[in-house]
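Reader: I'd like a close look at one part of this model, the stretch around a single helix and the aromatic rings and charges that go with it. Could you walk me through it in one go, and then follow the links outward?

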Amino acid sequence: MKNIIRLFSACLLTSALVGSTACTSLLDESYGQVMSNKYSPKTEEEVSYLVNAAYIPWRETLLQWNGVVRSQELCADQDVIPARDGTGWVDGYIYKRWHQHTWTTEDDGVLQGWERTYNGVNTCNRILSQIEEGTINVEGDTKAALVAELKVLRASYYYILIDLYGNVPLVTDFKDESLPKQSTRREVFDFIVKEIKDNIDLLSETPRGYYYGRFNKWAAHTLLAKMYLNAEIWAGEAHWQDCIDECQAVIDFATSTNEYGLEEKQKNVFITQNENSKEIIFALPFDEIYVTGWNDFDFHMYTLAAENQDTYQFTERPWGGVCAIPQFIDSFDPDDLRLKENYIQGPQLTASGEPLQRSDGKGQLIYINEVPSIESSDSGHGYRWGKFEYAKGITNRLSNDWPLFRYADVLMMKAEALMRSGQPGAGALVTEVRKRAFEDPSKAIVTDAQLEGGSCYDYGRRDTNMETHEGGADIKYGRFLDELGWEFCQEGRRRQDMIRFGVFTTKSWFSHDKSNPNRNLFPIPNKAMLTNSNLVQNPQ
């Protein structure tokens, strides 16, 4: 049975127990909705129904309209939503502001990352409070494991908040009605790390079954590795060896059990029925039937031109928005299978194999690696997202599970930490990931020294209004940044990687100029500032 069914059931069950999870204010005041009747989960299935409700906000914050995927991708150097002739996508210039780093405290993309993620924090706090007071009646090892999982899950929501906003309130008491005080980014970092380390040994080691789409021990090790990978930015000090150690814990388990590993083909991680992929360590389960939000995981609608409805026989017409920035596409080796398999490009066909005609009467729809500017484009400009399989006949939502943590990421984190700490071995790990991307094995090989070199991305303004060339040779470890881009494009992480490599505000690309270093953080949304006088705005 598709795992999202468990999530759906959990939402219904837990809504009855703890009230609606739709509250998006920082302080959840729906205390009166907590029922006095006790619920006593006994089996793994019943516990799974309960805890999975607390995971639903991850799906919402990441992938609903103007969610964290957009926050991470649209302000970075791989993707853009240009104004589209005939279909719009101007939308009050929100996408232009993302691209040009001129967002405001009123922008919806700034707000949603805050509200939806704190909804996840509140949901964890709510269930933890009910366990503590006995409304949810669990005992012994079952209680200890459930509490540990909820605390690690709560820490994962703070992983989003520390990345996007830095200095945020740490809210852990569901019944505390006082305005929460703002913590420093270092305090948030220490809290997340401590919560994971204090609870990791109580988590299950089971990779799938009832623990699919949940934080088991190996997902927690991966989350902790991500914290250490970004520690120099988030905490002001490097933790490279700690990152290596956390990755190695996952690698050792994978090696000894064969429960995790690289897929022979990267594409297998992103197919519609991907829940059995051994590369996925932590996934967000999806199903087009049981996930009913209009904009939940709508990449096909979000990227393809309306005409492509006839290619895939979708039930809805796509909207034709996001595409790849041509400079990023030009950075690929032409023989890299990820270029061919992750981007929809070239002449488009109908479902029966006939040339697909453009609705504007300009002949066949052909996706070309050109985009005039953020101000203007037509239906053929730009390669489109195609990393996730678009199954024929689907609705406006995909059924592919979202691989939030995967084994390739563990190998790449270890490689980066080795490189940055001056230890050998990064090249061998990156080569292992690259092997499946090249038919010629010799092309997959990359050395430690090459990874320490500059980027091949030709940075600079590159649209019809301006052409400059900055190159990427001056970027320290730039080749490694390239490798991250080629492997993890379209996965909602590019901004975080660019900040770690010192590129996010120091380079120009497409219609984007260098920006203020303060733009490494998003502002706290004005709505949150107005409701909590303890908050101090991030420098802008």
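Author: Let's start with a charge and a ring: R493 sits over the face of F488, 4.1 Å from the ring centre. Keep in mind throughout that this is a predicted model.

F488 belongs to helix α20, which runs over residues 478–488 and is mostly covered, with 11 of its 11 residues buried. Among the buried ones are the charged-looking names R479, D482, E483 and E487, alongside F480, L481, L484 and W486, and the glycines G478 and G485. F488 itself is on that buried list too. Just after α20, the backbone does something worth a glance: Q490 takes a positive phi of about 70°.

C489 is buried as well, at 0% relative accessibility. Could its sulfur be bonded to another one? The closest cysteine sulfur is in C323, 13 Å away, so that is too far for a bond. The disulfide count for the model comes to 0. C243 is in no disulfide either, and its nearest cysteine sulfur, in C247, is 4.3 Å away. That doesn't qualify, because a disulfide needs the two sulfurs within 2.5 Å. C243 is buried, with a relative accessible area of 0%.

Now back to the arginines. R494 has its side chain in a polar contact with the side chain of D77, at 2.7 Å. D77 is found in the loop between α4 (68–73) and β1 (79–80). Is D77 buried or exposed? Its relative accessibility is 0%, so D77 counts as buried. Leaving out residues up to four places away in sequence, D77 touches I325, F328, Y457, Y459, R494, M498 and W509.

F328 on that list takes us to the rings. F328 and F332 have ring centres 5.1 Å apart and planes at 70°, so they make an edge-to-face pair. Both of these phenylalanines are buried. In total, the count comes to 39 aromatic pairs. Another one is F297 with W402: the centres are 5.6 Å apart and the planes are again at 70°, so this pair is edge-to-face. F297 and W402 link distant parts of the chain, 105 residues apart, with F297 in the loop between β2 (280–284) and α12 (299–303) and W402 in strand β8 (residues 402–406). F297 is buried at 0% relative accessible area, and W402 counts as buried at 1%.

There's a second arginine over a ring, by the way: R420 lies over the face of F501, at 4.4 Å from the ring centre.

One last stop, back by β1. W89 is found in the loop between β1 and α5 (94–100), and Y93 lies in that loop too. Neither is a glycine, yet W89 has a positive phi near 65° and Y93 has one of about 65°. Their surroundings are another matter: W89 is buried, with a relative accessible area of 7%, while Y93 counts as partly exposed at 45%.

Key: Residues are numbered from 1 along each chain as its sequence is written. This is a predicted model: local features need pLDDT of at least 70, side-chain atom pairs count only at pLDDT 80 or more; totals for chains, interfaces and linings use all residues. Side-chain values use heavy atoms; hydrogens and water are left out. Rings of Phe, Tyr and Trp (its six-membered ring) pair if their centres lie within 6.5 Å; planes under 30 degrees apart count as stacked, over 60 as edge-to-face and the rest as tilted. Helices (H or I, at least four residues) and strands (E, at least two) are DSSP runs, numbered from the N terminus. Buried means under 20% relative accessible area, exposed over 50%, partly exposed in between (1.4 Å probe, protein chains only). A charge sits over a ring if NZ of Lys or CZ of Arg is within 6 Å of the ring centre and within 35 degrees of the ring normal. A polar contact is a pair of N or O atoms within 3.5 Å; within protein, one must be able to donate a hydrogen and the other to accept it, and residues adjacent in sequence count only if both atoms are side-chain atoms. Contact means heavy atoms within 4.5 Å.
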